[in-house]
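Trainee: Hi! I have a new structure open and I'd like a hand finding my way around. Could you look at it with me?

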Amino acid sequence: MKFSLATLLVAQCAVLLASAAPLPADDAAKAVPSSPPVERYHFPGSKTTVVHSIDEILASQNLDSAPVVGARQSSLGPFASRWGFSGNNYPIVMVHGLMGWGEQPLLGLLNYWGGIGGNLVNVLRNKGYTVYQPAVAPASSNWERACELYAQLKGTRVDYGIARAKKFGHERFGKDFTGKGLYPEWGNPGKKAHFIGHSMGGPTTQLFLSLLHSGSAAEIAAAEAAGVPASPLFYTNKTASDFAGGFFAVSGVLQGTPMVEIIDNFAGFIFDLVKIIAGVSDLSDIDGLLWDFQLDHWGLGYNKGESLLTYFNRIFASPWFKGTSNAGYDLSITGARDPRNANNVAIPGVFYFSIPTSTTLQVLAAEVARPSTLLFLVPFANALGTYQNTTMFGSGSAAWRDNDGLVPVKTSSSDTQGYINYSMDLRDSTLTPPKTKPTTGKYHNTGIIEVDHIEIIGLLDTISLLRWSTMYTNIAKILLSLPA
């Protein structure tokens, strides 16, 4: 059955009525979490209830003026002494999620980090932090995105691996970033990086760090059999801590989301959105979209002069779209539990933090969207809030209902290994983090922030910088307070 937004909007009334009725006895109470409960932080002054003054809007926009070259604060990692760490001065890499983009604003208007209200990346740069913003494929698998992330940082040609290419029937190599690396010295002694990933940027970075730690024995074997070198990303004798210090997953899809199962034609739905944006913007070809789907290795590169409709129809008919090497599959519960993704978990040597988000309110055994939820996400939040699948979750469906409109709190809290309660209000400008120093190899859950999946990056907020500058600055402070 093909998903339509209209269907969910009509069903919304039924969802709300159903929320008042008790669910089956084995599912009426939320399952006992495998990790301790964390604090919830309400965000007052929802964008739907506050009228912003011109002064507020101007003040927000002034926060991300052109970065000052050579700007450097005296204490970028102020919590190091609190934890007994040395602190560091490593760059931060911000990894976008599904259908995201990099440095250049989408349509010339939308920054991925900060949206229409400004540029959160420039806010950090103005405070003295070095920040890189790569643009990986917007709808590809976590594996492909991880390979692209490596190539863009180091400045090499994207190598998806011989074994992977053979298994899925695509070319081994992708775009060539030789001489264009964002951080070519990365991985050299003392040249690590920190990472922040939103949404699908969470599992993409998580897999990326896992590959930096464990490599891929299958790719090494395939390269040896072919008598050619493998990508250094696949080397099995690396140590992830030589490359990475810490990682923050913001609303990360770390264990998959039932939303993919709820939306039967998830990938089709995403591309329908792209076509709508293209139509509204009167874009005649892919060049105006700014999205680079990076599907040339699948034979799905854009042909100059090709209409968008023709291009998307080629994508819809392709083995990539119909297969299991795409975002739709990897973001699903089935994909997340696929044995090939078994190693996509936190690894030793790297500090992991999570920022789960929630936009729902418990009503009996269901979760219902709060009034502050972005209108577009309301039907999705309610659908997740009443979702039940005993085949997939046994009697624990209720534990997956608290959500941010797209992703359950359970999956944005940690990988399958659980988490450490590390609650702190990251939006507090006078933040004092827990005195207990963080450890590597397991997620530290910083507490649930009660906003939706889109609001946490300020995508559609006119004063996003006023709302979120403090939080992202605190994230940067924590990362630079970790050991060198």
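Trainee: Which residues are linked in a network of salt bridges?

Mentor: Arg40, Arg370, Asp402 and Glu450 are joined in that network. Keep in mind that we are looking at a predicted model.

Trainee: Which side chain does Arg40 meet in a salt bridge, say with Glu450 in view, and what is the N to O distance?

Mentor: Arg40 and Glu450 meet through their side chains, at 2.9 Å from N to O. That pair links distant parts of the chain, with Arg40 in strand 1 (residues 40-42) and Glu450 in strand 13 (residues 448-450), 410 residues apart.

Trainee: Is Glu450 buried or exposed?

Mentor: Glu450 is buried, with a relative accessible area of 12%. Arg40 is partly exposed, at 35%.

Trainee: How many salt bridges does the structure hold?

Mentor: Ten. One of them joins the side chains of Asp292 and Lys175, at 2.7 Å from N to O. Asp292 sits in the loop between helix 10 (266-280) and helix 11 (308-316), while Lys175 belongs to strand 5 (residues 173-176), so this salt bridge ties together parts that are 117 residues apart in sequence.

Trainee: And how accessible are Asp292 and Lys175?

Mentor: Asp292 is partly exposed, with 32% relative accessibility. Lys175 is partly exposed too, with a relative accessible area of 34%. For another case, look at Asp461 and Arg467, whose side chains form a salt bridge at 2.4 Å, N to O. Both of those residues are buried.

Trainee: Let's switch to the sheet. What is the order of the strands in it?

Mentor: Seven strands make an open sheet, ordered 3-2-6-7-8-12-11, and their pairing is parallel. Strand 3 (131-132) and strand 11 (419-421) are at the edges with a single partner strand each, so one side of each has no neighbour in the sheet.

Trainee: How many bridges join strand 6 to strand 7?

Mentor: Five, between residues 193-198 of strand 6 and residues 244-250 of strand 7. If you want a spot to zoom in on, Phe195 stands opposite Phe247 in strand 7. There is also a helix packed on the sheet: helix 18 (residues 464-479) touches strand 2 (92-95), strand 6, strand 7 and strand 8 (351-355). The direction of helix 18 makes about 155° with that of strand 7.

Trainee: Back to Phe195 for a second. Which aromatic cluster is Phe195 in?

Mentor: Phe195 clusters with Tyr150, Trp186, Phe208 and Phe243.

Trainee: Nice. How many aromatic pairs are there in the whole structure?

Mentor: A search finds 23 of them. Among them is the tilted pair of Phe316 and Phe321, 5.1 Å centre to centre with 55° between the planes. Phe316 and Phe321 are both buried. Tyr387 and Phe393 make an edge-to-face pair, 6.3 Å centre to centre with 80° between the planes. Tyr387 and Phe393 are buried as well.

Trainee: Now a helix. Which residues of helix 8 are buried?

Mentor: In helix 8 (residues 217-226), they are Glu219, Ile220, Ala222 and Ala223. These residues cover an arc of only 165° around the axis, so they lie on the same side of helix 8.

Trainee: What do the buried residues of helix 8 pack against?

Mentor: They pack against helix 5 (142-154) and helix 6 (162-168). The face turned away from that buried side carries exposed Ala217, Glu224 and Ala225. Right after helix 8 comes Gly227, with a positive phi near 70°.

Trainee: I also clicked on Trp113. Where is Trp113 found?

Mentor: Trp113 is in the loop between strand 2 and helix 4 (120-126). Its relative accessibility is 0%, so Trp113 counts as buried. The C-alpha atoms of Trp113 and Leu465 are separated by 9.5 Å, although these residues are 352 apart along the chain.

Trainee: Last one, zooming out. How many helices and strands are there in the protein?

Mentor: The protein has 18 helices and 13 strands. Of its 484 residues, 58% count as buried. Among contacts between residues at least 6 apart in sequence, 75% join residues at least 24 apart.

How values were computed:
Residues numbered from 1 in each chain as written. Heavy atoms only, no water. Pairing = 2+ DSSP bridges. Helix = DSSP H or I, 4+ residues; strand = E, 2+ residues; numbered from the N terminus. Contact = heavy atoms within 4.5 Å. Axes fitted to C-alpha atoms, helices over the stretch in contact; angles between N-to-C directions. Salt bridge = Lys/Arg side-chain N within 4 Å of Asp/Glu carboxyl O. Buried < 20%, exposed > 50% of the residue type's maximum accessible area, 1.4 Å probe, protein only. Arc of directions from axis to C-beta. Phe/Tyr/Trp six-rings, centres within 6.5 Å; stacked < 30°, edge-to-face > 60°.
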